[in-house]
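Me: Please take a close look at the binding site of the first ligand in the model below. I should like one connected account of its surroundings, and then of the protein parts and the further ligand that go with it.

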Amino acid sequence: MKTAFITGVTGQDGSYLAELLLGKGYDVHGLVRRSSTLNRSRIDHLHQHERLHLHYGDLTDGVSLVNLVRSIEPDEVYNLGAMSHVKVSFEMPDYTASTNAIGTLRLLEAVRAAGLDCRFYQASTSEMFGSTPPPQDETSMFHPRSPYGSSKLQAHWVTVNYREAYDLFAVSGILFNHESPRRGENFVTRKITKAAAAIAAGVQEHVTLGNLDAVRDWGYAPEYVEGMWRMLQQDEPDDFVMATGEGHTVREFCDAAFTHAGLNWEEHVRYDESFTRPSEVNALIGDASKAHRELGWKAHTTALDLARLMVDADVEEINRFLAR
Ligand code: NAP
Ligand code: G4F
């Protein structure tokens with residue numbers, strides 16, 4: 001039986017990855033941050049699982065990482081923990097860099113110091129491509145446009161360096177946007193689907209958004225965590241893009257979500273400049289041919305399917321809430 005250590009286990013991807021690995025028989029250890037109220041709603045349904053173990057720690061606290069890696073002795077480490085909101089990174093650049101860039105370095109160093117035969121997955125991102133026009137693949141130039149994107153680029157290169165310098169099995173998944181009903185409520189897809197459900201239920205009138213022209217390649221998170229796992233099962237470490245290959249504007253996502261809720265988006269969406277960014281990433285559309293070829297991985301759920309499945313989940317949630 002293998003042992004995995006996941007940072008970011010309370011997040012969208014971490015929760016799906018924990019489910020996947022528990023289903024495969026792994027012992028799963030997750031890093032959780034101390035907070036004054038418990039923030040584990042995405043893994044509540046797993047909390048009594050005998051093979052899930054949670055440990056306090058933080059990517060900004062190197063000592064906690066060294067101690068945990070030494071005591072857990074993982075076969076696989078998945079570094080999903082991050083300050084993951086692009087707009088917020090402009091407001092908290094120092095913390096973003098410390099968590100995302102130096103946090104990755106701290107964790108890699110903890111793995112190296114423990115001297116384990118351990119495989120390492122880094123959650124890299126299409127935000128690293130920034131202003132490089134689509135389609136983007138593993139050979140495209142990096143040009144990040146936010147403190148988040150640049151912190152992730154440092155983490156990406158640190159991961160490459162530990163592979164080259166110390167022969168560590170360390171890989172980066174360069175993942176394009178992926179969403180689900182567990183997506184944080186201040187990312188644009190979930191903000192839209194939650195609003196469409198609330199407006200349809202008559203408890204909200206409108207939603208305020210920023211740039212509707214941005215193009216993103218939105219896939220479905222459970223499919224992407226399967227790809228992360230496959231990357232760590234290869235004979236040789238390598239980096240892979242994961243994406244659907246389809247681009248849609250935020251406007252098109254709105255249209256699909258509101259139409260599915262029986263509404264006309266133009267009657268309910270307002271614009272507010274405060275939701276725009278000092279520098280925007282205009283278009284991300286990935287080419288995941290390498291992952292298809294070498295990992296047998298392919299995205300199946302498209303952005304418009306996703307809009308509909310997320311609206312259905314949000315309608316269900318609001319109906320449960322209103323019935324209380
Ligand atoms: P998410 O839902 O925002 O989850 C982030 C996780 O990181 C949460 O568990 C959070 O803990 C934890 N975290 C934040 N700061 C931390 C710190 N200082 N120390 C330890 N843990 C910390 O993000 P996600 O969408 O699941 O994404 C997972 C990873 O993939 C992230 O690294 C993200 O940058 C990257 N990524 C995501 C996408 C995407 O489209 N979803 C695409 C490419 C790359 P709390 O629950 O306590 O806040
Ligand atoms: O949903 P978003 O905040 O996601 P963004 O910036 O693309 O970042 C996500 O995907 C990255 C992968 O490419 C991850 F690395 C990262 O961690 C995160 O998961 O914004 C998507 C687009 C942007 O162009 C933004 O300007 O939607 C636009 N947008 C328009 N109105 C909005 C809003 N974004 C947010 N969050 N809120 C709005 O009201």
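Reply: The account below begins with the site of ligand 1 and then turns to the nonpolar cores, one helix and ligand 2.

The model is predicted, so local features require pLDDT of at least 70 and side-chain atom pairs pLDDT 80 or more, whereas totals for chains, interfaces and linings use all residues. Residues are numbered from 1 along each chain as its sequence is written, chains are lettered from A and ligands numbered from 1 in the order in which they are written, and side-chain values use heavy atoms, without hydrogens or water.

Ligand 1 is surrounded by 26 residues, of which Thr10, Asp58, Ser84, Tyr148 and Lys152 are the closest; a residue belongs to such a shell if one of its heavy atoms lies within 4 Å of the ligand. Polar contacts are pairs of N or O atoms within 3.5 Å; within protein, one atom must be able to donate a hydrogen and the other to accept it, and residues adjacent in sequence count only if both atoms are side-chain atoms. Lys152 places a polar side-chain atom 2.7 Å from an oxygen atom of ligand 1. A polar backbone atom of His178 is 2.9 Å from a ligand oxygen, and a polar side-chain atom of Arg183 lies 3.3 Å from a ligand nitrogen. Of the 900 Å² that ligand 1 exposes when taken alone, the protein buries 91%; these areas come from the Shrake-Rupley method with a 1.4 Å probe, and for residues only the protein chains shown count as cover.

Four elements give two or more residues to this shell: α1 (12-23), α4 (93-114), β5 (119-125) and α5 (147-166). Elements are DSSP runs numbered from the N terminus, helices being H or I of at least four residues and strands E of at least two. The greatest contribution comes from β5, with 3 residues. By class, the shell holds 9 nonpolar, 12 polar and 5 charged residues. Here Ala, Val, Leu, Ile, Met, Phe, Trp, Tyr, Cys and Pro are nonpolar, Asp, Glu, Lys and Arg charged, and the others, Gly among them, polar.

Both α1 and β5 also supply at least two residues each to the largest nonpolar core, as does α7 (221-231). That core has 46 residues, and Ile6, Leu21, Tyr78 and Tyr121 have the most contacts inside it. Such a core is a set of buried Ala, Val, Leu, Ile, Met, Phe, Trp, Tyr and Cys residues joined through side-chain atoms within 4.5 Å. Beyond its neighbours within four places in sequence, Tyr78 is in contact (heavy atoms within 4.5 Å) with residues including Ile6, Leu21, Tyr121, Met228 and Trp229. Helix α7 is mostly covered, with 9 of its 11 residues buried, among them Met228 and Trp229. Buried means under 20% relative accessible area, exposed over 50%, and partly exposed in between (1.4 Å probe, protein chains only). In helix α4, Glu109 is partly exposed because its relative accessible area is 29%.

Ligand 2 has 24 residues around it, of which Thr125, Ser126, Tyr148, Arg277 and Glu280 come nearest. One of its oxygen atoms is 2.7 Å from a polar backbone atom of Ser84; an oxygen atom of ligand 2 is also 2.8 Å from an N or O atom in the side chain of Lys191. Tyr148 is thus listed among the nearest residues for ligand 1 and for ligand 2. The protein covers 96% of the 720 Å² of accessible area that ligand 2 has on its own.
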